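Reader: I am a first-year student, and I would be grateful for a close look at one part of the structure shown here.

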Amino acid sequence: TAALLPNQGIIPGWEICYDGDVDHYAIDLQAGQKLVVKVKFIHKKGDLDAALLDSKGFIVRESRSVTDVETLSLPAVTEKGRYVVGVFGFGPATNKYDLEVQIL
């Protein structure tokens, strides 16, 4: 189950704790809203990646960089629904991270 994010801004203090761990976050969007999610961490401590699923469960964005920030951007959505962000380690990587969520 995905934890519903109650607000925008920086939400600190998350962690991928073990190989195969995936953290899920739900965000409710209305038609016309835009979404930007940033996963901020120290890459050299463990490479994290992120994906965004639409309200039907399909992956619509992925971020698999080798930097300290993974960014998921979604232009104006056409229909309201619950979108889910997944954060996970590349391979066996673990790491602590903060989320930054903007709904525009």
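Which side chain meets that of Glu62 in a salt bridge? Please also explain how exposed the two residues are, and place the pair among the other salt bridges and the strands.

Author: The model is a predicted one. In it, the side chain of Glu62 meets that of Arg64 in a salt bridge, with a distance of 3.1 Å from N to O. This contact qualifies because a salt bridge requires a side-chain nitrogen of Lys or Arg within 4 Å of a carboxyl oxygen of Asp or Glu. Side chains of opposite charge can pair when their charged atoms come close.

The two partners fall into separate classes of exposure. Glu62 has a relative accessibility of 46% and therefore counts as partly exposed. Arg64, at 52%, counts as exposed, because the class of exposed residues begins over 50%.

The surroundings of Glu62 deserve attention as well. Strand S6 comprises residues 59–63, and this strand belongs to an open sheet of five strands. The order in the sheet is S1-S3-S8-S5-S6, and the pairing is mixed. S6 and strand S1 (3–4) stand at the edges; each has a single partner strand, so one side of each lacks a neighbour in the sheet. At the S1 edge, the partner is S3 (residues 22–29), and these two strands pair in the parallel sense over two bridges. Leu4 has Ala26 in S3 as its bridge partner.

A search of the whole structure finds four salt bridges, and two others may be set beside the pair under discussion. One of them joins Asp28 and Arg82, whose closest N and O atoms are 2.8 Å apart. Asp28 lies in strand S3 and Arg82 in strand S8 (residues 81–89), so that this salt bridge links distant parts of the chain, 54 residues apart. Asp28 is partly exposed, at 38% relative accessibility, and Arg82 is likewise partly exposed, at 43%.

Another salt bridge is formed by Lys40 and Glu100, with the closest N and O atoms 2.5 Å apart. Since Lys40 lies in strand S4 (residues 35–40) and Glu100 in strand S9 (residues 95–103), the pair ties together parts that are 60 residues apart in sequence. Lys40 counts as partly exposed, with 31% relative accessibility. Glu100, by contrast, is buried, because its relative accessible area is 15% and buried means under 20%.

To return to the part requested, the salt bridge of Glu62 and Arg64 brings together a partly exposed Glu62 and an exposed Arg64.

Note on methods:
Residues are numbered from 1 along each chain as its sequence is written. This is a predicted model: local features need pLDDT of at least 70, side-chain atom pairs count only at pLDDT 80 or more; totals for chains, interfaces and linings use all residues. Side-chain values use heavy atoms; hydrogens and water are left out. Two strands pair if DSSP finds at least two bridges between them. Helices (H or I, at least four residues) and strands (E, at least two) are DSSP runs, numbered from the N terminus. Buried means under 20% relative accessible area, exposed over 50%, partly exposed in between (1.4 Å probe, protein chains only).
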